[in-house]
Amino acid sequence: MIIDRDGKTTIIAQEKASVKTLVNNIENGYHKYKNYHLVVRLSSLEKVTLLDVIEFLRLSNTHRAAKKSFVVVSDKADLDEMPDEIVVVPTLQEAFDIIEMEDIERELGF
């Protein structure tokens, strides 16, 4: 797990761990990330399936309930297959754009 910070955002990149292991690692260290927007990059996977993304659902719901953004980044996911409850985008720039839009929505009270 590679962790990087960019302002109010923590970017977690997966190395060789499985998605389940990555989710467990994030949950175990959640106290370090809970005050930041989270971006999870799944660049080491050959294909990102619906089941892989659903592994992040509980973590995403918890984080979003605390008024923080949670975005999964993968260019190997079929975006039409992904559930509406979790944000999946193909590029890191789109993840930052989503976070910016969600920040504006929160400021406006949505």
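Two residues count as being in contact when they have heavy atoms within 4.5 Å of each other. With that in hand, welcome to these close-up views of a predicted model.

**Figure 1. Helix 1 and the elements its buried residues pack against.**
Helix 1 covers residues 19-28, and its buried residues are Val-19, Leu-22, Val-23 and Ile-26. These four lie on the same side of helix 1 because they cover an arc of only 100 degrees around the axis. An α-helix has 3.6 residues a turn, so residues three or four places apart point the same way. Turn to the other side of helix 1 and you will find Lys-20 and Asn-28, which are exposed. The buried residues have several packing partners: strand 2 (9-13), helix 2 (30-33), strand 3 (37-41), helix 3 (50-54) and helix 4 (57-65).

**Figure 2. The largest nonpolar core, with 21 residues.**
Inside this core, the residues with the most contacts are Ile-26, Leu-42, Phe-56 and Phe-70. At least two core residues come from each of helix 1, helix 2, strand 3 and strand 4. Helix 1 gives the largest share, 4 residues. Nonpolar side chains tend to be buried together in soluble globular proteins. Leu-42 is a good residue to centre on: leaving aside neighbours within four places in sequence, Leu-42 is in contact with Gln-14, Leu-22, Val-48, Phe-56, Val-72, Val-73 and Ser-74. A second core, separate and made of 9 residues, includes Val-39, Val-73, Val-89 and Ala-95.

**Figure 3. The 1 aromatic pair of the structure.**
Phe-56 and Phe-70 make up the pair, with 6.1 Å centre to centre and 45 degrees between the planes, a tilted arrangement. For the geometry-minded, a pair of aromatic rings is described by the distance of the centres and the angle of the planes. The pair links distant parts of the chain, 14 residues apart: Phe-56 belongs to the loop between helix 3 and helix 4, and Phe-70 to strand 4 (residues 70-73). Both Phe-56 and Phe-70 are buried.

**Figure 4. A charge over a ring: Arg-5 and Tyr-36.**
Here the charged end of Arg-5 sits over the ring of Tyr-36. The distance from that charged end to the ring centre is 3.9 Å.

**Figure 5. Helix 4 and its buried side.**
Leu-59, Ser-60 and His-63 are the buried residues of helix 4. They share a side of helix 4, because their arc around the axis is only 100 degrees. The face turned away from this buried side carries Arg-58 and Ala-65, which are exposed. Helix 1, helix 2, strand 3 and strand 4 are what the buried residues of helix 4 pack against.

**Figure 6. Ser-60, a residue of helix 4.**
Is Ser-60 buried or exposed? Ser-60 counts as buried because its relative accessibility is 0%. Not counting residues up to four places away in sequence, Ser-60 touches Phe-70, Glu-85 and Ile-86. Of these, Phe-70 has already appeared as a partner in the aromatic pair.

**Figure 7. Lys-67, just after helix 4.**
Lys-67 is placed in the loop between helix 4 and strand 4. Its phi is near 65 degrees, a positive value in a residue other than glycine. Lys-67 is exposed, with a relative accessible area of 55%; the cut-off for exposed is over 50%.

**Figure 8. Helix 5, residues 92-108.**
From first C-alpha to last, the 17 residues of helix 5 reach 25 Å, close to the 24 Å expected at 1.5 Å a residue. Ala-95, Ile-98, Ile-99 and Glu-102 are the buried residues of helix 5. They fall on the same side of helix 5, since their arc around the axis is only 100 degrees. What covers them includes strand 2, strand 3, helix 4, strand 4 and strand 5 (87-89). The face turned away carries the exposed residues Gln-93, Glu-107 and Leu-108.

**Figure 9. Leu-108 and Gly-109.**
Leu-108 has its place in helix 5. Why does Leu-108 count as exposed? Because its relative accessibility is 60%, and the exposed class lies over 50%. The C-alpha atoms of Leu-108 and Val-72 are separated by 24 Å, with their places 36 residues apart along the chain. Just after helix 5 comes Gly-109, with a positive phi of about 90 degrees.

How values were computed. Residues numbered from 1 in each chain as written. Predicted model: local features only at pLDDT ≥ 70, side-chain atom pairs only at ≥ 80, totals over all residues. Heavy atoms only, no water. Buried < 20%, exposed > 50% of the residue type's maximum accessible area, 1.4 Å probe, protein only. Arc of directions from axis to C-beta. Phe/Tyr/Trp six-rings, centres within 6.5 Å; stacked < 30°, edge-to-face > 60°. Lys NZ or Arg CZ within 6 Å of the ring centre and 35° of its normal. Expected span 1.5 Å × (residues − 1). Core = buried A, V, L, I, M, F, W, Y, C linked by side-chain atoms within 4.5 Å.
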